[in-house]
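Visitor: Could you give me a close look at one part, the place where the ligand sits, and then walk me outward from there? I'm in my first year, so please explain the terms as you go.

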Amino acid sequence: MKSHARVVVIGGGVVGVGTLYALVKKGWSDVVLLERNELTSGSTWHAAGLLPLFNMSYSVGQIHKHSVELYRALEAETGQHVGFRQVSNIRLARTRDRWDEYMYYAGVAETIGVKVNLLTPAQVKEIWPLCNTEGIIGALQHPDDGYIQPADLTQALAKGARDGGAQIHRKTRVTAIAEKPSGEWLVTTDQGDIACEHLVTATGNFVRQTGQMLGLDIPVIPVEHQYIVTEPHPAIVERQRRGLPEMGVLRESDSSWYMREENGGLILGPYERGAPACYVDGPAEKAEFELFQEDLDRLAPHIEAAMIRVPAFAEVGIKKVYNGAIAYTPDGSPIIGPAWGRRNLWLNEGHSFGVTASGGAGWQLAEWIVEGEPSIDMMGVDPRRFGPYAARGYLKVKNEEAYRNVFTPHFPDEERSSARPLKRTPCYDRMKALGAVFGSVYGWERPGWFAPPDLALSEADLDRPDVILNHNHAPPTDDGRVVEKWSFRRSNYFPHVGNECRNVHDNVGLLDMSAFAKYQVSGPRAEEWLDSLLANRIPKQKGRIALCHLLSMNGGVRSEFTVYRTGPQSFYLVGAGAFERHDFDCLEKALPPSGGVRLEKVTTQYGVLVLAGPRSRELLQTLTDVDLSNAAFPWLTGKFIDVGIAQAHALRVNFVGELGFELHHPIEMQNTIFDLIMDAGKPMGIRPFGIKAMDSLRIEKSYRLISRELSIEYSALESGLDRFVHLNKGEFVGRDALVRWRERGFTNRFVTLEVHGTSDVDARGSEPIHDRKGALVGRCTSGGYGWRLGKSLALAMVRPDLGEIGGELSMRILGQSYPATVIPESPFDPENLKLRA
Ligand SMILES: Cc1cc2nc3c(=O)[nH]c(=O)nc-3n(C[C@H](O)[C@H](O)[C@H](O)COP(=O)(O)OP(=O)(O)OC[C@H]3O[C@@H](n4cnc5c(N)ncnc54)[C@H](O)[C@@H]3O)c2cc1C
């Protein structure tokens, strides 16, 4: 083994080898892979090899698509058989909700470029004659989907990598990892040491041990997963004898299983309830090729459902049950990208569909390592999307939940209940007493909306009992009422959210935004550093506020911060709560090596209560003698004020487009402030409001969000950030690339759309947008009903020539096309008169 390489990859499963292959394809040949045993001796050897393209995530969807395209060409490239069978994949729907999910997904698929067909039950029967189609309302088919032999695929990727100069060392176990003073990594193995510039871990079920070597709690813990292989069935054998095509992969999502032909018999793979987390501290020393004792009781409900759907399955004996560890994360998506707090350390872990993801994950990771940026928005799989809260105890519970929900309908408003409540702000109980229905972000509980005390959904509104997986509502409240149904359409909370929006507009509302991420930047070089980083001008005077963006190296948008100057050498930055670890990591890694800047995370020191609405000033003025008049306290400024006996930094900004104040207060004073506000606000009609109302209000203002309208895939100017990007202010991250991007020309333009003719549905984001001829010309990034305007609205990225005001487009929402008109940005109060009032 050589003593130095540019990149060392740990782990010779399909994911590690896929990364090695992709690095070589990017032109880096000085790359080495270390595998403790044989290639594929981890999870890869017992994978069923399915390549499901279905994925609601824009990032993961693109990764899977790339993999399938790569695998199709791999055999020709390497001469190595991969056993790719493009047999197609059919997903059955038994309920309206499921059908809506498929319709929503069909839109995502179209924007990514994945082909799908919609099938009638009769068409399903034609392709899958052994399927009983009773009770089926339709099906979604991926014609390009299929399965592959995972071990053969891994060997082909290994050959491709070796052909390009990569070295693979089997029987080489990594025992320790250290950071050298030079910034390189020193990897110790039982076969000697190797140093490298970049280190990639792809250690599958061994990730807990890898994390220990690195001093990182990587948010992955595997779960047991089983599949059953049957004896041959005469009908399938006969089909084969007659040369009939393979029936393909069949999925009955509502019963949580998949099935395909295997050697004249069938494979049944259920995703069961009760599957336990395993390898919580990593597998034992000799865990290669390990399978667990099968648990047929756990499989029973799915086996019974499968027997009804495919009676032939009941007519054959079970040949073997595989029960192996499958890596999981709290949201079920893998961990692909840089590790937080470490340089040149890359994680490619937590893959529960690693065979499907390997090619695409390697492709993006290799771009990130070699070019410094991936080319697709990887926020959905970024390792930093979880924070330190996602540790061992949380992961066990949350990953089991992610596993058993693989097939549940992925409602956009679904809020899963395991491992909650975890992080509660002090006013949690007060909000709950007021009817808050909570959602969770980054472990924090946040009011989503407020249910009236007498609201209770009837049995008829809730799940269908004859379907195993059709859970469609939030858990009951403490007094046993179910108050929220999840849906792809306007749900029961729709009018209540409307009332919250109206009250913010007419009177005053209170929102708990304590989950915001907060950072303090100080020191003699703080201003200079922020200026070199962010695209907007940094506020010059104490008390001034500016919205600033950190761009990617390529000129896309990575992060957004409200920057509030608190002193000559100090700034307070507020960012999205969900991206705290991500944003802090980006800031920390950009700190000047020569010092002069101090960066601190202060999220849990400050709570944030947002007062918004025309009566917010009047209300707050009753609690402070600081002059809150517009002349003394204008928009986009902040002041440290008394709030009764408590205190807060009051910032005259908000995300809803009304007169308002964000009160950033010492978190331990939150309830005092809360009570003072609620008491003082009573005569002014104060009511709390939640995130759902905030989202509706922000869409009416065309306010962008990271990972929706703002992403590394769109240049900051395509996202319409012209007001916040000062190309002539001097150097800042991404500036030159943005200038070059502008010279090359843009392919997208941010627009606000009014969607016409909707009655029970609004856009949610990811819907395809078409021109008059029906050609795909863009994608929706956010959508919802604007209560102040009484209109269904959407934010979107479209082809630049179609973004003129008045342009007529159409948007496909849940399978139906609706006319959509490009309207001026910020349709509510375009002059910001309310904000400036
Ligand atoms: C029953 C079952 C069915 C499945 N079916 C499918 C399917 O149909 N489709 C699909 O896409 N996915 C499927 N999966 C998931 C799939 O198997 C995994 O996502 C995939 O194999 C993960 O690959 P990997 O390379 O990340 O991990 P692994 O294959 O586990 O590879 C990790 C490698 O790292 C090595 N390693 C670990 N630590 C060290 C160290 N310290 N030093 C050196 N080497 C080390 C290990 O020996 C191992 O070879 C299934 C999983 C199970 C359990």
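Guide: Let's start at the ligand and then move out to the cores, a helix and a few single residues.

First, some ground rules. This is a predicted model, where local features need pLDDT of at least 70 and side-chain atom pairs count only at pLDDT 80 or more, while totals for chains, interfaces and linings use all residues. Residues are numbered from 1 along each chain as its sequence is written, and side-chain values use heavy atoms, with hydrogens and water left out.

Now find the ligand. There are 38 residues around it, and Glu-35, Ser-43, Thr-44, His-351 and Gly-354 come nearest (to be near, a residue needs a heavy atom within 4 Å). Look for the polar contacts, meaning pairs of N or O atoms within 3.5 Å; inside the protein, one atom must be able to donate a hydrogen and the other to accept it, and residues adjacent in sequence count only if both atoms are side-chain atoms. One ligand oxygen is 2.5 Å from an N or O atom in the side chain of Thr-44. A ligand oxygen also lies 2.7 Å from a polar backbone atom of Gly-354, and a ligand nitrogen is 3.0 Å from a polar backbone atom of Arg-36. So how much of the ligand does the protein bury? Taken alone, the ligand exposes 990 Å², and the protein buries 98% of that (areas come from the Shrake-Rupley method with a 1.4 Å probe, and for residues only the protein chains shown count as cover).

Who builds the shell? Helix H1 (14-25), strand S12 (223-230), strand S16 (318-326) and helix H10 (354-371) are the elements that give two or more residues to it. Helices (H or I, at least four residues) and strands (E, at least two) are DSSP runs, numbered from the N terminus. By class, the shell has 16 nonpolar, 19 polar and three charged residues. Nonpolar here means Ala, Val, Leu, Ile, Met, Phe, Trp, Tyr, Cys and Pro; Asp, Glu, Lys and Arg are charged, and the others, Gly among them, are polar.

Next, step out to the nonpolar cores. A core is a set of buried Ala, Val, Leu, Ile, Met, Phe, Trp, Tyr and Cys residues joined through side-chain atoms within 4.5 Å, and buried means under 20% relative accessible area, with exposed over 50% and partly exposed in between (1.4 Å probe, protein chains only). The largest core has 91 residues, and Leu-753, Ile-769 and Met-811 have the most contacts inside it. Helix H3 (residues 96-112) gives the largest share, nine residues. Apart from this core there is another, of 35 residues, including Leu-34 and Phe-386.

Now swing over to helix H18 (691-700). Eight of its 10 residues are buried, among them Ile-691, Met-694 and Leu-697. The buried residues pack against strand S20 (444-450), helix H13 (494-506), strand S21 (508-512), strand S34 (776-786) and strand S35 (791-798). After H18 comes Ser-702, whose phi is positive, near 55 degrees, although Ser-702 is not a glycine. At 0% relative accessibility, Ser-702 counts as buried.

Ser-826 also has a positive phi of about 55 degrees, and it isn't a glycine. You'll find Ser-826 in the loop between strand S37 (816-823) and helix H20 (833-836). The loop between S37 and H20 holds Asp-829 too, which is buried, with a relative accessible area of 12%. The Asp-829 side chain reaches the backbone nitrogen of Lys-834 at 2.7 Å. Leaving aside neighbours within four places in sequence, Asp-829 is in contact (heavy atoms within 4.5 Å) with Gly-657, Lys-701, Lys-834 and Leu-835.

Two last stops. Thr-201 sits in strand S11 (residues 192-201) and is buried, at 0% relative accessible area. Its side chain makes a polar contact with the side chain of Glu-349, at 2.7 Å. Finally, a cis peptide bond joins Arg-420 and Pro-421, with omega about -10 degrees; Pro-421 is in the loop between helix H11 (392-404) and helix H12 (428-433).
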